[in-house]
Amino acid sequence: GLPAAADRLQEFTHLDGLEVVEPDLVAAGDAELAIRVMLRPGLELIHRRVLGQGGMGVVYLVLDPRLGRRAALKLLRTPVTPTRVRRFRRETVVTSRLDHPCMPPVYEAGTTPLGTHYLLMRYVAGQSLMEILRERAEATTPSRREKERQTRELLHALVKVGEAVAY
């Protein structure tokens with residue numbers, strides 16, 4: 001409801017380097033907060049949630065209302081240093097040159113009007129390796145057959161990752 005939406009607004013107003021254009025409530029079954037942010041003039045995205053974060057940046061799930069598609073938006077994390085900017089730009093160039101079924105294509109990269117470096121790419125739904133391992137650790141003791149199935153699935157996923165990295 002509305003209190004949950006207000007909490008989300010507080011969370012999303014801390015989007016470093018993105019100009020919050022228009023926070024508004026959108027009817028989506030329950031009241032859902034949609035934060036419109038400007039990536040660059042002419043490209044506003046609707047921020048949905050944080051997907052993950054690491055040493056270099058934070059990745060958000062966003063919606064491009066012009067094209068009606070979800071995307072992953074990576075923003076360079078603060079503090080910004082010349083070394084971090086150089087590494088982020090190198091990652092952007094390398095990622096944009098990859099053409100592999102296991103690697104999401106880059107839609108766009110650049111710098112926001114507020115000076116934050118970004119990488120916009122296709123959103124790929126699924127679980128992270130950390131989530132899969134956590135679920136396995138928390139699960140009740142599976143049968144031998146179930147444990148073998150889970151191990152095969154995990155190995156298959158790791159082989160896919162290895163193939164993508166080797167590419």
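This passage describes the fold, the strand pairing around β4, the largest pocket and a nonpolar surface patch of a predicted model.

The protein chain has 167 residues, of which 28% are buried. Its secondary structure amounts to 4 helices and 7 strands. Along the sequence these elements are arranged in the order α-β-β-β-β-β-α-β-β-α-α.

Strand β4, which spans residues 57-64, pairs with β3 as well as with β5. Strand β3 covers residues 43-53 and runs antiparallel to β4, the two being joined by 6 bridges. Within this pairing, G52 stands opposite V59 of β4. The connection from β3 to β4 is a hairpin of 3 residues. On the other pairing, β4 and β5 (residues 69-76) are also antiparallel, with 8 bridges between them. Here G57 has L76 of β5 as its bridge partner. A hairpin again makes the link, with 4 residues between β4 and β5. In that turn, G68 shows a positive phi of about 65°. Strand β4 is mostly covered, since 6 of its 8 residues are buried, that is, under 20% relative accessible area.

The largest pocket encloses about 1,400 Å³ of space. Its lining is made up of 36 residues, and those nearest the pocket centre are P104, V124, Q127, S128 and L129. Two or more lining residues come from each of β3, β4, β5, α2 (82-97), β7 (117-122), α3 and α4. Helix α4 gives the most to this lining, with 6 residues. The paired strands β3, β4 and β5 described above are thus among the elements that contribute to the pocket.

A nonpolar patch of about 350 Å² lies on the surface and is formed by L129, L133, L155 and L158. Helices α3 (129-138) and α4 (144-166) each provide at least two residues of this patch. L129 belongs to the patch and is also one of the residues nearest the centre of the largest pocket. Both α3 and α4 likewise give two or more residues to the pocket lining. L133 is located in helix α3. The relative accessible area of L133 is 40%, which makes this residue partly exposed. Residues enter a patch at over 30% relative accessible area, so L133, at 40%, meets that cut-off.

How values were computed:
Residues are numbered from 1 along each chain as its sequence is written. This is a predicted model: local features need pLDDT of at least 70, side-chain atom pairs count only at pLDDT 80 or more; totals for chains, interfaces and linings use all residues. Side-chain values use heavy atoms; hydrogens and water are left out. Patches are made of residues with over 30% relative accessible area and no salt bridge: like charges are joined within 9 Å, nonpolar side chains (Val, Leu, Ile, Met, Phe, Trp, Tyr) within 5 Å. Accessible areas come from the Shrake-Rupley method with a 1.4 Å probe; for residues, only the protein chains shown count as cover. A salt bridge is a side-chain nitrogen of Lys or Arg within 4 Å of a carboxyl oxygen of Asp or Glu. Buried means under 20% relative accessible area, exposed over 50%, partly exposed in between (1.4 Å probe, protein chains only). Two strands pair if DSSP finds at least two bridges between them. On a 1 Å grid over the protein atoms alone, a cavity is a set of points where a 1.4 Å probe fits but cannot get out, and a pocket is an open set with protein on both sides within 12 Å along at least five of seven lines; lining residues have an atom within 4 Å of a point. Grid points are joined across faces, edges and corners, and a volume is the space filled by probe spheres set on the points.
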